[in-house]
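User: I have some questions about how labels were assigned in this model. Please keep the answers short.
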Amino acid sequence: MEQKSKLIAGLLGVSLGSFGIHNFYLGKTNRAIAQIVVTCLTCGFGALWGMIEGIMIMAGSPSVCVDANNVPLYESQKFQLVAGMLGIFLGGFGVHNFYLGKNDIAIIQLILTFCTGGISAIWGLVEGVMILFGSPNYRQDAYGNPLIRI
């Protein structure tokens, strides 16, 4: 049985979670179908369920970091380009920091974005640019592993 990637599952959850794509990837078909139904019945608001699961996967939450057979998802080394692009496009929600394992900062960004009506999302955008340009403070993940440059 092939072990699934935590990165792929998390990114699928954040980007296509409303359609349960990450759960199809993990073999959790019933849950994926339920996400599609909830998203349709709530006129799209159910999409938050998939996005939250994607963030939880990237943050390493034990309850969602397993496939349908309870096989743990494998952790891959992080890419600078992925972290930077997540910062630029989803930085207001702290997704890039969840990806890098910096969960405390990510949660603060998420809360501030909602409390300020999105104004503080500029923080994530700036961090995304700094990651892409290789600023010294943004060259590694939360565990000290260097980001892979492509």
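User: Where does the charged end of Lys4 sit?

Analyst: This is a predicted model. The charged end of Lys4 sits over the ring of Tyr25, 5.0 Å from the ring centre. The distance cut-off is 6 Å.

User: Which ring does the charged end of Lys78 sit over?

Analyst: The ring of Tyr99, with 5.4 Å to its centre. Tyr99 is also among the residues that Lys78 touches, including Leu100, Asp141 and Pro146.

User: Why is Lys78 called buried?

Analyst: Its relative accessibility is 8%. Buried means under 20%, so Lys78 counts as buried. Lys78 lies in the loop between helix H4 (47-59) and helix H5 (80-90).

User: What makes H3 oblique to H4?

Analyst: The axes of helix H3 (residues 29-41) and H4 cross at roughly 135° and come within 8 Å. Roughly antiparallel needs over 145 degrees, and roughly perpendicular ends at 115. The angle fits neither class, so H3 is oblique to H4. The residues of this contact divide into four nonpolar, three polar and two charged.

User: How many aromatic pairs are there, and why is the pair of Phe93 and Phe114 called tilted?

Analyst: The structure holds one. The ring centres of Phe93 and Phe114 are 6.0 Å apart, with the planes at 50°. Stacked needs under 30 degrees and edge-to-face over 60, so this pair is tilted.

User: How do you know whether Phe93 and Phe114 are buried or exposed?

Analyst: Exposed means over 50%, and buried means under 20%. Phe114 has a relative accessible area of 59%, so Phe114 is exposed. Phe93 is at 28%, so Phe93 counts as partly exposed.

Methods. Residues are numbered from 1 along each chain as its sequence is written. This is a predicted model: local features need pLDDT of at least 70, side-chain atom pairs count only at pLDDT 80 or more; totals for chains, interfaces and linings use all residues. Side-chain values use heavy atoms; hydrogens and water are left out. Helices (H or I, at least four residues) and strands (E, at least two) are DSSP runs, numbered from the N terminus. Buried means under 20% relative accessible area, exposed over 50%, partly exposed in between (1.4 Å probe, protein chains only). Contact means heavy atoms within 4.5 Å. Axes are lines fitted to C-alpha atoms, for helices over the stretch in contact, and angles run from 0 to 180 degrees between N-to-C directions. Angles under 35 degrees count as roughly parallel, over 145 as roughly antiparallel, 65 to 115 as roughly perpendicular and the rest as oblique. Ala, Val, Leu, Ile, Met, Phe, Trp, Tyr, Cys and Pro count as nonpolar, Asp, Glu, Lys and Arg as charged, and the others, Gly among them, as polar. Rings of Phe, Tyr and Trp (its six-membered ring) pair if their centres lie within 6.5 Å; planes under 30 degrees apart count as stacked, over 60 as edge-to-face and the rest as tilted. A charge sits over a ring if NZ of Lys or CZ of Arg is within 6 Å of the ring centre and within 35 degrees of the ring normal. Lists of a residue's contacts leave out its neighbours within four places in sequence.
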